[in-house]
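Thanks for coming, everyone. I have one structure to walk you through. Let me put it up first.

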Amino acid sequence: MLSVTLNHFLYVATAIFCLGIFGIIVSRNAVKVLLSIEVMLAGVNMAFIAFSRYVTPDTLEGQMITIFILTVAAAEAAVGLAILLVVYRNYRTVDMSKFNLLKW
């Protein structure tokens, strides 16, 4: 019988996190970058829940941190999409190479 250990969850969480990093590096579309950040946060959440389940199964610390991260991610997505909406209204594109408004 195959048993799922902490390492299995950490491998999957690392793969999801790296997939998010890959999406940020490769994509020039700002919406895809926001989605990639959400994918990265999902990987982090998976790692926190796995650690909570296997290291301290009696406490809910990992779940509480995950709920906090989900809340921050929702706020980040709302602010990011609002910024993108304004940028799209002004430049008619979400291609990050076409506008340099937020760069130094």
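Which residues does S36 touch, not counting residues up to four places away in sequence? Hold that for a moment while I cover the ground rules.

This is a predicted model, where local features need pLDDT of at least 70, side-chain atom pairs count only at pLDDT 80 or more, and totals for chains, interfaces and linings use all residues. Residues are numbered from 1 along each chain as its sequence is written, and side-chain values use heavy atoms, with hydrogens and water left out.

Now the answer. S36 touches G20, G23 and I24. Contact here means heavy atoms within 4.5 Å. S36 sits in helix α2, residues 30-54. Helices and strands are DSSP runs numbered from the N terminus: H or I over at least four residues for a helix, E over at least two for a strand. S36 counts as buried because its relative accessibility is 9%. The cut-offs are these: buried is under 20% relative accessible area, exposed is over 50%, and partly exposed is in between, with a 1.4 Å probe and protein chains only.

Let's step back to the whole chain.

There are three helices and zero strands. From the N terminus, the order is α-α-α. The radius of gyration is 17 Å, well over the 13 Å that the globule rule gives for 104 residues, so the protein chain is more spread out than a compact globule. That radius is taken over C-alpha atoms, and the rule is 2.2 Å times the number of residues to the power 0.38. Along the principal axes, the C-alpha atoms fill a box of roughly 55 × 25 × 25 Å.

What share of the 104 residues is buried? It is 23%. The accessible surface comes to about 7,600 Å², and carbon and sulfur atoms account for 72% of that. Those areas come from the Shrake-Rupley method with a 1.4 Å probe; for residues, only the protein chains shown count as cover.

Contacts next. Take those between residues at least 6 apart in sequence: 59% of them join residues at least 24 apart.

Charges, quickly. The protein chain has 7 positive and 5 negative charges, and their mean positions are 19 Å apart. Lys and Arg count as positive, Asp and Glu as negative; His and the chain ends are not counted. Each charge is placed at NZ of Lys, CZ of Arg, CG of Asp or CD of Glu.

Now helix by helix. I'll start with α1.

Helix α1 covers residues 6-26. H8 is found there. H8 is partly exposed, with a relative accessible area of 38%. Its C-alpha is 9.4 Å from that of A50, although the two are 42 residues apart along the chain. C18 also lies in α1. C18 is partly exposed too, at 42%. The C-alpha atoms of C18 and S36 are separated by 9.7 Å, with their positions 18 residues apart along the chain. I25 is another α1 residue. I25 counts as exposed at 65%. From I25 to M46 the C-alpha separation is 22 Å, for 21 residues along the chain.

On to α2. Its 25 residues should span 36 Å at 1.5 Å a residue, and its end C-alpha atoms are 37 Å apart, which agrees. The expected span is 1.5 Å times one less than the number of residues. The buried residues of α2 include V33, L34, S36, M40 and N45. What do the buried residues of α2 pack against? They pack against α1 and α3.

Finally, α3, residues 61-91. It has 31 residues and reaches 44 Å from first C-alpha to last, close to the 45 Å expected. Buried here are G62, T66, I69, A73, G80, L84 and V87. The buried residues of α3 pack against α2. A78 is in α3 as well. At 48% relative accessibility, A78 counts as partly exposed. A78 and Y11 are 30 Å apart, C-alpha to C-alpha, and 67 residues apart in sequence.

One backbone point to finish. Most residues other than glycine have a negative phi. R92 has a positive one, near 60°. R92 lies in the segment after α3. R92 is exposed, with a relative accessible area of 60%.

That's my tour. Over to you.
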